[in-house]
Amino acid sequence: EAHTYFVESISKAYQALTDPISRENYEKYGHPDGRQGFQMGIALPKFLLNMDGASGGIMLLGIVGLCILFPLMIAVIYLSRSSKYTGNYVMHQTLSTYYYFMKPSLAPSKVMDVFIKAAEYMEMPVRRSDDEPLQKLFVAVRSELNLDLKNIRTEQAKFWKQHPSLVKMELLIQAHLTRESFALTPALVKDYRHMLELAPRLLEELVKIALLPRSPNGFGWLRPAIGVVELSQSIIQAVPLSARKAGGGNSEGIAPFLQLPHFTEATVKKIARKKIRAFQELCDMSEVERATLLTQVAGLSEEEARDVELVLEMIPTVEVDIKCETEGEEGIQEGDVVTMYAWVSLQRRSGLTAALPHAPFYPFHREENFWLLLADTASNEVWLSQKISFMDEATAITAASKAIQDTQEALGASPKEIGIAVREAVDRVKKGSRLVMGKFQAPSEGNHNLTSFCLCDAWIGCDSKTSFKLKVLKRSRAGTRTYVPEEGPVAEDGI
């Protein structure tokens with residue numbers, strides 16, 4: 001009805017502009033038919049009425065097109081495009097692709113193959129002018145492509161037979177990881193920057209896909225989740241995945257060293273002569289000893305050594321204090337709803353809690369986030385997972401206060417006891433801790449060896465894991481419970 005009335009109004013207005021009699025009636029009585037009284041219509045500028053019929057009609061059509069049709073077209077385009085995206089601005093097609101290719105045994109080295117299949121990357125154009133630069137880039141990063149050197153010709157032919165977008169994305173990512181992006185053409189630089197800008201959102205969704213409950217017990221997968229976070233670390237710090245391989249007495253590879261300014265593979269080899277092979281060994285040295293090592297052994301200048309010291313002051317150290325219990329009961333019986341309480345504490349030598357990571361090769365704003373995973377490494381299952389940020393203290397205080405208050409009220413605590421518990425939680429948050437809570441159903445009777453992983457998506461070498469035992473009792477008909485204390489948590493640094 002509104003549409004019909006609008007068309008009639010436009011027709012009458014057009015008649016008023018083109019027909020001399022109707023125009024005279026419109027000016028005198030406010031209606032083309034000469035009727036008086038209250039009329040509802042469209043207010044037109046007076047200069048339109050002073051034009052001749054043809055000019056006025058063209059002007060009217062122009063106004064309708066500019067003020068009505070053009071905004072309508074923009075709205076249609078926006079709605080059609082927004083329907084393709086999730087709330088995190090990732091295409092639904094990407095999530096479907098990630099879900100399809102995600103496997104429980106997906107090795108960290110194979111995560112890249114899944115990551116580059118995002119629909120956002122597949123839509124990026126592959127121009128004919130890109131052929132020669134990509135060929136040169138392939139030669140520069142070939143050692144990072146996991147090609148079988150015994151059948152190198154066959155492997156190369158197989159690589160180039162992939163979808164052109166997949167080839168382009170993998171070469172651009174490898175150019176970033178090996179810090180070869182300076183050799184890109186201007187056209188490839190534009191694609192390269194767009195690829196990096198999208199990477200954090202895509203990697204976050206890929207982690208969530210790995211952690212989706214899929215097993216019969218409703219648990220996610222640990223191995224691919226760790227691989228995705230490691231890929232995120234490498235992209236933010238521009239460190240090759242091959243640098244993460246263990247070697248030379250170093251179980252974590254040389255990747256943590258390469259995120260430090262002025263450090264190269266040659267620098268790592270020099271300090272290894274002084275028995276400094278693990279990144280934590282470098283961090284545990286005193287500032288004076290470290291300065292001597294970097295200037296006299298590694299060959300850095302005093303200014304370069306100070307740059308290294310500043311970054312080491314920003315690298316976080318994370319500890320996790322975790323316990324699992326059935327609220328209101330002394331022990332845990334099979335089938336119980338178990339609540340996990342985990343306090344994740346962050347410390348830096350600089351004294352800061354919230355800070356941005358040092359990432360000179362990543363050209364966009366990036367905040368550090370942590371993933372807390374409660375997992376059974378033997379079965380590759382993640383029982384609970386949560387993303388943690390230390391940037392917003394006020395939100396963390398509110399969340400911790402409410403969680404502690406709700407828990408204490410459920411246990412029947414007095415208002416005084418609730419107030420004390422809430423104040424303790426607030427103090428812990430202000431000192432650099434975050435409370436993580438979650439619930440899961442207790443598995444079958446027995447001792448379960450669990451591990452809590454705290455993984456940073458921006459720094460390499462600051463991950464931690466804590467191992468502990470969860471004793472589950474057999475459910476008795478009478479519902480009686482007994483509590484058997486178990487061995488306390490054992491902290492282990494590094495994955």
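**Exercise 1.** In this predicted model, find which helices the buried residues of H17 pack against, and work out why those residues line one face of the helix.

*Solution.* Begin with the partners: the buried residues of H17 pack against helix H15 (279-284) and helix H16 (287-297). Next, identify the residues themselves, which are Ala305, Val308, Glu309, Val311 and Leu312. Looking down the axis of H17, one finds these buried residues within an arc of 165 degrees, and therefore they line one face of the helix. Finally, turn to the other side of H17, where Glu303, Arg306 and Leu310 are exposed.

**Exercise 2.** Describe how H16 and H17 pack, giving the angle and the distance between their axes, and name the residues that meet.

*Solution.* Two packed helices are described by the angle between their axes and by the distance between those axes. For H16 and H17 the angle is about 135 degrees, and the axes are 9 Å apart. This angle makes H16 oblique to H17, and H16 passes H17 in a right-handed crossing. At the residue level, Glu287, Arg290, Leu294 and Thr295 in H16 meet Glu302, Ala305, Val308, Glu309 and Leu312 in H17.

**Exercise 3.** Decide whether Glu302 counts as buried or exposed, and state what separation its C-alpha atom has from that of Ala291.

*Solution.* Place the residue before judging it: Glu302 lies in helix H17. Because exposed means over 50% relative accessible area, Glu302, at 60% relative accessibility, counts as exposed. As for the separation, Glu302 and Ala291 are eleven residues apart along the chain, and their C-alpha atoms are separated by 7.7 Å.

Notes
Residues numbered from 1 in each chain as written. Predicted model: local features only at pLDDT ≥ 70, side-chain atom pairs only at ≥ 80, totals over all residues. Heavy atoms only, no water. Buried < 20%, exposed > 50% of the residue type's maximum accessible area, 1.4 Å probe, protein only. Helix = DSSP H or I, 4+ residues; strand = E, 2+ residues; numbered from the N terminus. Arc of directions from axis to C-beta. Contact = heavy atoms within 4.5 Å. Axes fitted to C-alpha atoms, helices over the stretch in contact; angles between N-to-C directions. Parallel < 35°, antiparallel > 145°, perpendicular 65-115°, else oblique. Left-handed = near helix turned anticlockwise from the far one by under 90°.
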